[in-house]
Amino acid sequence: MTHGVMKDILRNLVGKLCSIQHLKTSQDLKPRVLILACVEAGRFLSSCLQSDVHTAVLCSPGNLIPHSKLYGKEVLGSEVASLEWACSQGSLKHVIVCGHSNCQILDVLGRSQMQSASNSRSSPFLSWLTQHGNSTLTRFERYEMDRLQPVTFQGVSPKELWDAYVDPQCYWTDQDQLSQVNVLQQLQNVSSHGFLKPQLKSGALQLHGMWLDSRHLPYLFSKEHQQFVQVKDDNIDSLLK
Ligand SMILES: [Zn+2]
């Protein structure tokens with residue numbers, strides 16, 4: 001009885017391995033799209049994309065990606081290593097940072113300032129979360145001072161700045177606004193890594209911010225509109241132009 005879930009996994013894998021036998025070369029398995037998602041939403045995304053062998057879903061708590069300034073000083077975790085590996089395959093065209101509504105992990109981050117330092121040190125999860133989520137909290141605190149003003153983020157160079165209005169219609173909860181600010185902060189963190197900069201500058205690689213609401217409807221951040229825009233059948237082309 002306790003092996004039921006494991007048996008299901010193995011049976012599913014046996015079926016899937018048969019169905020991908022048409023893939024002839026390792027080139028067929030190289031990722032074209034990498035989605036950096038929160039561990040809470042990874043299962044949902046994987047189930048939506050299970051037939052797409054060219055899309056890889058990489059999960060971390062709170063979809064946090066360490067900034068390059070920590071490289072050499074702190075343990076970055078495997079997220080950045082996986083990102084560099086995917087980039088080095090020569091097939092990657094899109095990187096999507098994906099956050100989601102009601103993120104319980106970011107809720108923990110929001111309350112982490114009340115945690116004692118000893119608590120953080122005794123938990124790898126809390127330690128990692130506070131270390132790499134601190135920039136999001138700082139950003140959100142500044143945003144809270146005047147929520148109607150845009151938040152400015154940095155692109156691949158210090159001169160490349162872009163603005164974001166987080167919730168101009170005052171529609172989302174504080175928790176969801178934190179999650180959206182976090183996606184935008186992670187876009188800045190991803191673009192800080194030197195191994196991605198040449199491709200991001202040339203346009204060979206595109207970086208997107210995506211957010212799923214409580215109904216799992218997707219929103220894509222639009223630099224043109226300076227905010228998240230709900231993705232619909234009739235606006236996909238204009239959002240990606
Ligand atoms: Zn989450």
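User: How many helices and strands does the protein have?

Analyst: Happy to start there! This is a predicted model, where local features need pLDDT of at least 70, side-chain atom pairs count only at pLDDT 80 or more, and totals for chains, interfaces and linings use all residues. Residues are numbered from 1 along each chain as its sequence is written, and side-chain values use heavy atoms, leaving out hydrogens and water. Counting DSSP runs numbered from the N terminus (helices: H or I, at least four residues; strands: E, at least two), the protein has nine helices and eight strands.

User: Which residues of helix H4 are buried?

Analyst: Buried means under 20% relative accessible area, with exposed over 50% and partly exposed in between (1.4 Å probe, protein chains only). Helix H4 spans residues 104–111, and its buried residues are Ile105, Leu106, Val108 and Leu109.

User: Where do the buried residues of H4 lie, seen down its axis?

Analyst: An α-helix has 3.6 residues a turn, so residues three or four places apart point the same way. Using directions from the helix axis to the C-beta atoms, the buried residues of H4 fall within an arc of 150 degrees, so they line one face of the helix.

User: Why does Cys98 form no disulfide?

Analyst: A disulfide is a pair of cysteine sulfur atoms within 2.5 Å, and a search of the whole structure finds zero. Cys98 is buried, at 0% relative accessible area, and Cys38 is buried at 0% too. The closest cysteine sulfur to that of Cys98 is in Cys38, too far for a bond at 9.1 Å.
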